[in-house]
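Me: I am new to this structure and would like to understand the reasoning behind the words used for it. Please take me through it step by step.

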Amino acid sequence: MNDLSDSSGGNSAKERRGTPDREKNRFSARAMRYGRVGANVGGVAARIAGRRLFGLDAETGKDAAALAMALGGLKGPIMKVAQLLATIPDAVPPEYAEALGKLQSHAPPMGRAFVKRRMAAELGPDWADKFAAFDYEAAASASLGQVHRASAHDGRALAVKLQYPDMRSAVEADLVQLGMLFSVHRRMRPAVETSEVLKELSERLREELDYEREAAMTRLYGLIFSGDAYVRVPRVLADLSTDRVLTMTWLDGRRLLDYKGHALDERNRIARAMFRAWWHPFSHYGVIHGDPHLGNYTVFEDGEGKAAGINLLDYGCMRTFAPKFIQGVIDLYNGLRHGDRSLIVHAYETWGFCGLSNDLIDVLNIWAKFIYGPMLDDRIRTIADRVEPGMYGRKEAFQVHQALRDKGPVTVPREFVFMDRAAIGLGGVFLHLGAALNFHTLFNEAIAGVDIANVTERQRDAFLTAGVPLPVDSAATTAS
């Protein structure tokens, strides 16, 4: 099966309602995207291949800078892919990872004409009458869509998320370009075999374009954090939402970075809420927020004007897991904590790592001890623990890169991709806050009493109520 085939599954909401979907994955739109992106990615790929063919020295630093500059002004999935690749050791050359990691997904918003077209196409020509007020100027913009403030007739403040045009075609075009970049890297004796990474990225990006799925994920988190004192979730207005427009209640809050200069107890309170927002859904329901980007959170305050908790705003980049994967995460933690090598190996195999030699296990343990390090250390500490924030994880990534060059390559299981990205992203938030906590205690509280049979039942009930499909066991599929 072609890894890049459109497996989004079935027709769009418009087609189900009998209306032609003019933005379905179209060749003409893909061709335009190839023209914009392909020359940049393909040009860099051609230069790399040419230099290798003629035995010339690599100029990856120069190529990486050129590629990052070319991609920096584009809306769409290539931006999200670029940022993700920067977090996977040796998925692309180190120079590429450093340059791509600096990309920001704050493309300029689209204007009033686009807003009118999008809203009329999704909610009908009388769409404006369905709101008490609607602000045509975007309150926020990102790589796949933009958000507008509005008001409901019952007085509630609303956030209306609009998907940019032709994003389905852009996804398919950009995934082809990503496949090209991976294929070039594959010829350079990489430490990581990226076939499963490509499959995972493809599936998650296609899901992120489905706002009906995002609405279901928002409902799921609403169930998980119902009445929670530290994590707030918006409510979806189903009658004002489609597969390309998502309307939710607006949650007031301030930017997380606004609190960098506040007292440590406030910063720690935000960090605890972040830790809970990430680890509790994973350990108890088998779902994670795969994009801990600073723009996906705001901070709400108590009556005294101090940080009290977080608003979790975006549910497009989510990853669900079969319950046995959760057990693998817990097993790896306990294996590292007690030096139980057989339990460590069992955890890796549960995740889907295959054909592991003792040398490869030792290499994987370097990265595992980095990710789990703060949670293995039973004391109050910062996440980097006396390491400069800019150097956080670099030594370990370099060690893994060098060792896998000799012992690898290793095939990264699909589930690991977003788990790893989210863990690093969460650590980055703690670094920004300068939080000092006992992460060991927090993690043990998150996994206390976790029983896979209970997780299976809890996951089934919550997913059914929210309308979220149960996860497929990718590890079993890969192994077969």
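The exchange below deals with three helix pairs and then with a cavity.

Me: Before we start, what kind of model is this?

Reply: This is a predicted model, and the values discussed here are computed from it.

Me: Why are H11 and H16 called oblique to each other?

Reply: The axes of helix H11 (residues 323-338) and helix H16 (residues 439-447) cross at roughly 135°. Angles of 65 to 115 degrees count as roughly perpendicular and those over 145 as roughly antiparallel, so H11 and H16, at roughly 135°, are oblique to each other. Their axes come within 12 Å, and the crossing in which H11 passes H16 is left-handed.

Me: How do you know that H11 and H16 are in contact, and which residues meet?

Reply: Contact means heavy atoms within 4.5 Å, and on the H11 side Ile330, Tyr333 and Arg337 meet His440, Phe443, Asn444 and Ile447 of H16. Sorted by class, this contact holds four nonpolar, two polar and one charged residues.

Me: What makes H10 roughly perpendicular to H17?

Reply: The axes of H10 and helix H17 (residues 452-466) come within 8 Å and cross at roughly 110°. Because 65 to 115 degrees counts as roughly perpendicular, H10 is described as roughly perpendicular to H17. Ser283, His284 and Tyr285 in H10 meet Val455, Arg458, Gln459, Ala462 and Phe463 in H17, a contact with four nonpolar, three polar and one charged residues.

Me: Why is H8 called roughly perpendicular to H15?

Reply: The axes of helix H8 (residues 195-208) and H15 come within 8 Å and cross at roughly 70°. That value falls in the range of 65 to 115 degrees, and therefore H8 is roughly perpendicular to H15. The crossing of H8 and H15 is right-handed.

Me: Which residues make the contact of H8 with H15, and what classes do they fall into?

Reply: H8 brings Glu196, Val197, Lys199, Glu200, Leu201, Glu203 and Arg204, while H15 brings Arg414, Val417 and Phe418. Six residues of this contact are charged and four are nonpolar, with no polar residue, where Glu, Lys and Arg are among those that count as charged.

Me: What makes a space in this structure a cavity, and how many of 30 Å³ or more are found?

Reply: A cavity is a set of points where a 1.4 Å probe fits but cannot get out, and a search of the whole structure finds five of 30 Å³ or more. The second largest cavity has a volume of about 170 Å³.

Me: Which residues and helices line the second largest cavity?

Reply: Its lining has 15 residues, with Ile371, Met375, Ile383, Ala423 and Gly427 nearest the centre. Helix H10 (264-285), helix H13 (358-376) and helix H15 (414-433) each supply at least two lining residues, and the largest share, five residues, comes from H15. By class, the lining has 14 nonpolar residues, one polar and no charged.

Key:
Residues are numbered from 1 along each chain as its sequence is written. This is a predicted model: local features need pLDDT of at least 70, side-chain atom pairs count only at pLDDT 80 or more; totals for chains, interfaces and linings use all residues. Side-chain values use heavy atoms; hydrogens and water are left out. On a 1 Å grid over the protein atoms alone, a cavity is a set of points where a 1.4 Å probe fits but cannot get out, and a pocket is an open set with protein on both sides within 12 Å along at least five of seven lines; lining residues have an atom within 4 Å of a point. Grid points are joined across faces, edges and corners, and a volume is the space filled by probe spheres set on the points. Helices (H or I, at least four residues) and strands (E, at least two) are DSSP runs, numbered from the N terminus. Axes are lines fitted to C-alpha atoms, for helices over the stretch in contact, and angles run from 0 to 180 degrees between N-to-C directions. Angles under 35 degrees count as roughly parallel, over 145 as roughly antiparallel, 65 to 115 as roughly perpendicular and the rest as oblique. A crossing is left-handed if the near helix is turned anticlockwise from the far one by less than a right angle, and right-handed if clockwise.
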